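Colleague: I am new to this structure and should be grateful for a guided introduction. May I put some questions to you?

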Amino acid sequence: FVATNGFTPIDTSIGTPGPAQLGTAISQAGAAVVTMAGHTFRNGDIVRITNSTGMFKIDGMDFTVGNVVPGVSFDLINMDTAAFAAPATAMLESPWR
């Protein structure tokens, strides 16, 4: 599996990811909140972050999506980014369901 350019949700029970979506920020806070206008994620989806413009410590890692605000934002469950050097300002993702 090779993931490039942003978030790639992972579900090995199906074949390919959906179309990529552009994110504009990941907060530098106790709960990492991803801002992504028009996103289609649902609570429980899995995402892989790649090629973000910041937060390189989590680049390439997989996270569960939670606390979804449809079309606006979602949390990366169990990810505390408060001590990270810089917030991310852009990324792409593709939903797997």
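The questions below go from the chain as a whole to particular residues.

Modeller: Please note at the outset that this is a predicted model.

Colleague: How many helices and how many strands are in the chain?

Modeller: Read along the sequence, the chain follows the pattern β-β-β-β-β-β-β. The count is therefore zero helices and seven strands.

Colleague: What percentage of the residues count as buried?

Modeller: A residue counts as buried when its relative accessible area is under 20%. The chain has 97 residues, and the share that meets this criterion is 40%.

Colleague: Which part of the exposed area do carbon and sulfur atoms supply?

Modeller: The chain exposes about 4800 Å². Of this area, the part supplied by carbon and sulfur atoms is 59%.

Colleague: What is the order of the strands in the open sheet?

Modeller: The open sheet has five strands with antiparallel pairing. Within it, E5 (residues 62–69) pairs with E4 (residues 46–48) over three bridges, and E5 also pairs with E6 (residues 73–76) over three bridges. The order is E2-E3-E6-E5-E4.

Colleague: Which are the edge strands?

Modeller: The open sheet has the order E2-E3-E6-E5-E4. An edge strand here pairs on one side only, which applies to E2 (25–26) and E4.

Colleague: In E5, what are the bridge partners of Val47 and Arg48?

Modeller: E4 and E5 pair in the antiparallel sense. In E5, the partner of Val47 is Phe63, and that of Arg48 is Asp62.

Colleague: Which residue in the turn of the hairpin formed by E5 and E6 has a positive phi?

Modeller: The bridge partner of Val69 in E6 is Ser73. Three residues lie between the two strands of this hairpin. The residue in the turn with a positive phi, about 70°, is Gly71.

Colleague: How many aromatic pairs does a search of the whole structure find, and which rings take part?

Modeller: The search finds one aromatic pair. Its ring centres are 4.9 Å apart and its planes lie at 75°, so the pair is edge-to-face, because planes over 60 degrees apart count as such. The pair links distant parts of the chain, one ring being in the loop between E3 (33–35) and E4 and the other in E6, 33 residues apart. The rings are those of Phe41 and Phe74.

Colleague: Is Phe41 buried or exposed, and what of Phe74?

Modeller: The relative accessible area of Phe41 is 3%, and that of Phe74 is 0%. Because buried means under 20%, Phe41 counts as buried, and Phe74 likewise counts as buried.

Colleague: Which residue has its backbone oxygen 2.7 Å from a polar atom of the side chain of Thr81?

Modeller: Thr81 lies in the loop between E6 and E7 (91–93). With a relative accessibility of 0%, Thr81 counts as buried. Residues that Thr81 touches include Gln28, Ala29, Gly30 and Met55. The backbone oxygen in question belongs to Ser27.

Colleague: What distance separates the C-alpha atoms of Met36 and Ala90?

Modeller: Met36 is placed in the loop between E3 and E4, and with a relative accessible area of 0% it is buried. Met36 and Ala90 are 54 residues apart along the chain, and their C-alpha atoms are separated by 9.3 Å.

Colleague: Of the contacts with a separation of 6 or more, what percentage comes from residues 24 or more positions apart?

Modeller: A contact requires heavy atoms within 4.5 Å. Among contacts in the chain with a separation of 6 or more, residues 24 or more positions apart account for 71%.

Note on methods: Residues are numbered from 1 along each chain as its sequence is written. This is a predicted model: local features need pLDDT of at least 70, side-chain atom pairs count only at pLDDT 80 or more; totals for chains, interfaces and linings use all residues. Side-chain values use heavy atoms; hydrogens and water are left out. Two strands pair if DSSP finds at least two bridges between them. Helices (H or I, at least four residues) and strands (E, at least two) are DSSP runs, numbered from the N terminus. Buried means under 20% relative accessible area, exposed over 50%, partly exposed in between (1.4 Å probe, protein chains only). Accessible areas come from the Shrake-Rupley method with a 1.4 Å probe; for residues, only the protein chains shown count as cover. A polar contact is a pair of N or O atoms within 3.5 Å; within protein, one must be able to donate a hydrogen and the other to accept it, and residues adjacent in sequence count only if both atoms are side-chain atoms. Rings of Phe, Tyr and Trp (its six-membered ring) pair if their centres lie within 6.5 Å; planes under 30 degrees apart count as stacked, over 60 as edge-to-face and the rest as tilted. Lists of a residue's contacts leave out its neighbours within four places in sequence.
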